Amino acid sequence: MNLWKIAYRSIQHRTLASSLTALSISLGVALVVTVLVINGVISKSFQQGAQGYDLILGPKGSELELVMSTVFYNRKPMSLIPYRYYDLLRTSRYSAEVDSAVPIARTDNFMDYPVIATNTDYFRKIVKSDGKPYTLRDGEFFKNTDTYGAVIGYTVAKQTGRKVGDQIQFGHSGPDGELHEPFTVVGVLDHTGSPNDRAVFVNLEGFYKQHEHQQSAFDVDYSLVEAEKQERLAANRHGEEADADHDHDADHDADHEHAEADHDHEGHDHDGHDHERRLSAVLIITKEKSVEIGATAADVDRAMEQAPGVEIEETQLVSKKQKRKVHDLAVTALPEKLSGELLDAQAVAPVSVITSFYQDVIGNIRYVLIIFAVQVIIVAGIGMMVSIYNSMSERRQEIAIMRALGAKRTTVMAIILFESILLSLGGGFLGLIIGHGLAAAISPWVMEYSNVLIRPWDFQLVELILIPGLVILASIVGYLPAVVAYRTDVAQSLQP
Amino acid sequence: MLELRQLKKSYKEPDGSELPILDVPRWSVDAGEQVVVIGPSGCGKTTLLHIIAGILKPTSGHVLIDGWDTPLLNESERDQFRARRIGYVFQTFNLLPGFSALENVMLGMAFAGKGSDKHRAVDLLKRVGLGHRLHHKPGQMSVGEQQRVSVARALANKPKLVLADEPTANVDVGNQQLVIDMLRNTCREEEVALIIVTHAPQVSEQFDRVDRLTDINLVAKRKVEEMEHHNAHAQEVK
């Protein structure tokens, strides 16, 4: 029989008091675990938002506001950028850095779900957080020719009951009191765990057609206002220059083809039509650069100095790390280039904005919650000390018996410390189960409202700190009762 | 086996004066010998056993057990010495309530640092007639059974000396003789010296050697003499 078993038997003998003591510890630990799980959910939901593209080109102003509006759709844009910026990004001027650009017009809500007008590139070029392309639960993605086609997110379909073939209307009624032409759901997205689950995607062309008919029906005016005519003239000059370099690839042609075919506005030519339109943002996927194999570190450095825009022979690739460095530098330099050339626009890297926002705001809240939870554990630890200390008066005789049987002072002290450690570890494990159980219980609710799938039984590495932490806490709080045991007067305590 | 020489024990009174409890010029017990020590209450019986066991340290003098002068050992060494060479049977059994009979017996082994010998613990419990009560806790056993567990526990580490402090005082009459018989028999089988302190004549009369504490302890002797003198004086006054 070892000392751990002796300590365990002592705990067992005081089942009720021991259980209550362990429970108080477990509640503190459960709180810490819940905070960690929720923190993981928040962190994940933030990270999942801005995957699949590198930069957002939007109106000048708050970077955070632009990211929040574009990534999380949680507010309507305060200002807009001209549609021609989207065209400009697809010219040879940016061909070295920009792989793809996807236009976005965040507009009114459909039954509290944000409506995003975009084109087919959104689903063809942008990938999900897991690196896989968007997939559909039902139907198909709208084609650029489906002027009034719409794809709805997983949650929208689930909550509203809308399915393929159903119609969707949003915005206010026009001056004639009638709502504009509805969009038809052609596809329902699979669950993504991102804000897109709660979004409605409509064809940008259809959206513009509606908007041009009934401007007053929308909260945000996406048509060009008179005050911007001067800027338009300047932009046209820019556009002409750009048109000279315009590499009309097949994809681009297809995009414009339908616009011409569908466009029935009098007096609007193709160019003028696009330039009257505005966007809330353009999502940019940057190109990945590569350098020649066998390149020296100096070559890589030189390539990086030249980037963005540096053309390097793509014969064979050097290490992924070097590739990544060059790529990252291109992404880092592109916002500056764009901001310099497009005076009323800014390009921001959403990941860095989200990360710094997360660290500045959510991160601090997390620390406050963890500190609070640790305080709960400490209070529970003090409760454990009081409980063991109080039990010492009735246990003096037990300790004296052990001493009379030959136990050293240090041995009885160790037994009390082991008891304290066992209680706190027992409470700790119970707390882990309660904490994760709580996470399991709330996971359907979190899934419903944040679209983040919680894996409640996934343990985080930081939880391992709890175990040595509890052992240290138990050793500290068990010390006082252990000293009482150490000082027990055997002869006196053995008196019948 | 056991020899007490010039043993003195006194406690400090609140006023700083010394209150003598024991003054034993010389007293000894041979290996395997069974001795009963009798005496009135308050004459220092339990204190004597505590000093022999090393639970208390004498104010002065020698306690020689198996050649070791235990007061010269430090506390930790005395604890270890007690665990390995001395068994103790208490008046109130002093079994740990959270442990089964078997665990109570093995508890003593755990502190001796020799490792637990479950077979010996089971064997001892069988010898005291508790083979069927191994896993019962003290609360589930009669007082007689509890004291028998206490006897088995005292012998667990194959001691050289067993000290029994009023072992039948809290046991029902039916079990008293059983406890004494088991204590004597097992000590005889294990060749262990036995010192029983009691004031029960039905116990003492069974032993060949019965020592009066008033003969061993000069403090107790003086106390008895003073009391007799006081009583005689009271008679004269009457």
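Over which residues of chain A does pLDDT stay under 50, and how many contacts beyond four places in sequence does the model have for them? One such stretch is residues 242-275 of chain A, for which the model has 39 contacts of this kind. Residues 308-317 of chain A also stay under 50. For residues 308-317, the model has 25 contacts beyond four places in sequence. The structure is a predicted model, and confidence is therefore described before the fold. Overall, the model scores ipTM 0.87 and pTM 0.66.

Confidence was examined chain by chain. Chain A averages a pLDDT of 76. In chain A, 72% of the residues score at least 70. Helix H9 of chain A (residues 250-262) has the lowest confidence in the chain, at a mean of 38. Strand E6 of chain A (residues 149-152) has the highest, at 93. Chain B has a mean pLDDT of 89. In chain B, 100% of the residues reach 70 or more. Its lowest value falls in helix H9 of chain B (residues 218-237), at a mean of 81. The highest in chain B belongs to E4(B), at 94.

Strand E4 of chain A (residues 113-118) was followed in detail. Six of its six residues are buried, so the strand is largely enclosed by the rest of the structure. Tyr113(A), Val115(A) and Ala117(A) point one way from E4(A). Pro114(A), Ile116(A) and Thr118(A) point the other way. E4(A) pairs with strand E3 of chain A (residues 98-110) through six bridges, and the two run antiparallel. Within this pairing, Ile104(A) has Thr118(A) as its bridge partner. The hairpin of E3(A) and E4(A) has two residues between the strands. Met111(A) takes a positive phi near 50° in this hairpin. E4(A) is also joined to strand E9 of chain A (residues 200-203), by four bridges and in parallel. Val115(A) stands opposite Val200(A) in E9(A).

Chain B contains nine helices and nine strands. Of its 238 residues, 46% count as buried. Among contacts in chain B between residues at least 6 apart in sequence, 72% join residues at least 24 apart. Four strands of chain B form an open sheet in the order E2-E1-E4-E5, with antiparallel pairing. Its edge strands are E2 (18-29) and E5 (68-69) of chain B, each of which pairs on one side only. Two bridges join E4(B) and E5(B) in the antiparallel sense. Asp69(B) in E5(B) is the bridge partner of Leu64(B). H1(B) lies across E1 (2-12), E2 and E4 of chain B. The helix H1(B) runs at about 120° to E1(B).

Helix H2(B) has five residues listed as buried: Arg78(B), Asp79(B), Arg82(B), Ala83(B) and Arg85(B). What covers these buried residues includes helix H1 (45-53), strand E4 (60-65) and strand E6 (86-89) of chain B. H3 and strand E7 (161-165) of chain B are also included in that cover.

The two chains are in contact. Chain B contributes 25 residues and chain A contributes 20 residues. On the side of chain B that touches chain A, helix H2 (75-85) and helix H3 (101-112) of chain B are the elements that give two or more residues. H3(B) supplies the largest share of that side, seven residues. The residues on this side of chain B divide into 13 nonpolar, nine polar and three charged.

The largest nonpolar core holds 116 residues. Val105(B), Val162(B) and Leu163(B) touch the most other members. Helix H13 of chain A (residues 350-404) gives the most to this core, with eleven residues. Another core, of 65 residues, lies apart from it. Among the residues of that other core are Ile81(A), Val102(A), Ile104(A) and Ala349(A). Ile104(A) is thus named twice, here as a core member and above as the partner of Thr118(A). Returning to Val162(B), its contacts were listed without counting residues up to four places away in sequence. Val162(B) touches Gly87(B), Val89(B), Ala154(B) and Leu155(B). Val162(B) also touches Cys187(B), Val192(B) and Leu194(B).

Methods: Residues are numbered from 1 along each chain as its sequence is written. Chains are lettered from A and ligands numbered from 1 in the order in which they are written. This is a predicted model: local features need pLDDT of at least 70, side-chain atom pairs count only at pLDDT 80 or more; totals for chains, interfaces and linings use all residues. A nonpolar core is a set of buried Ala, Val, Leu, Ile, Met, Phe, Trp, Tyr and Cys residues joined through C-beta atoms within 7 Å. A residue is buried if 20 or more other C-beta atoms lie within 10 Å of its own, exposed if 12 or fewer, and partly exposed in between; C-beta atoms are placed from the backbone. Two residues are in contact if their C-beta atoms, placed from the backbone, lie within 7 Å. Ala, Val, Leu, Ile, Met, Phe, Trp, Tyr, Cys and Pro count as nonpolar, Asp, Glu, Lys and Arg as charged, and the others, Gly among them, as polar. Two strands pair if DSSP finds at least two bridges between them. pLDDT is the predictor's confidence in each residue, from 0 to 100. Axes are lines fitted to C-alpha atoms, for helices over the stretch in contact, and angles run from 0 to 180 degrees between N-to-C directions.
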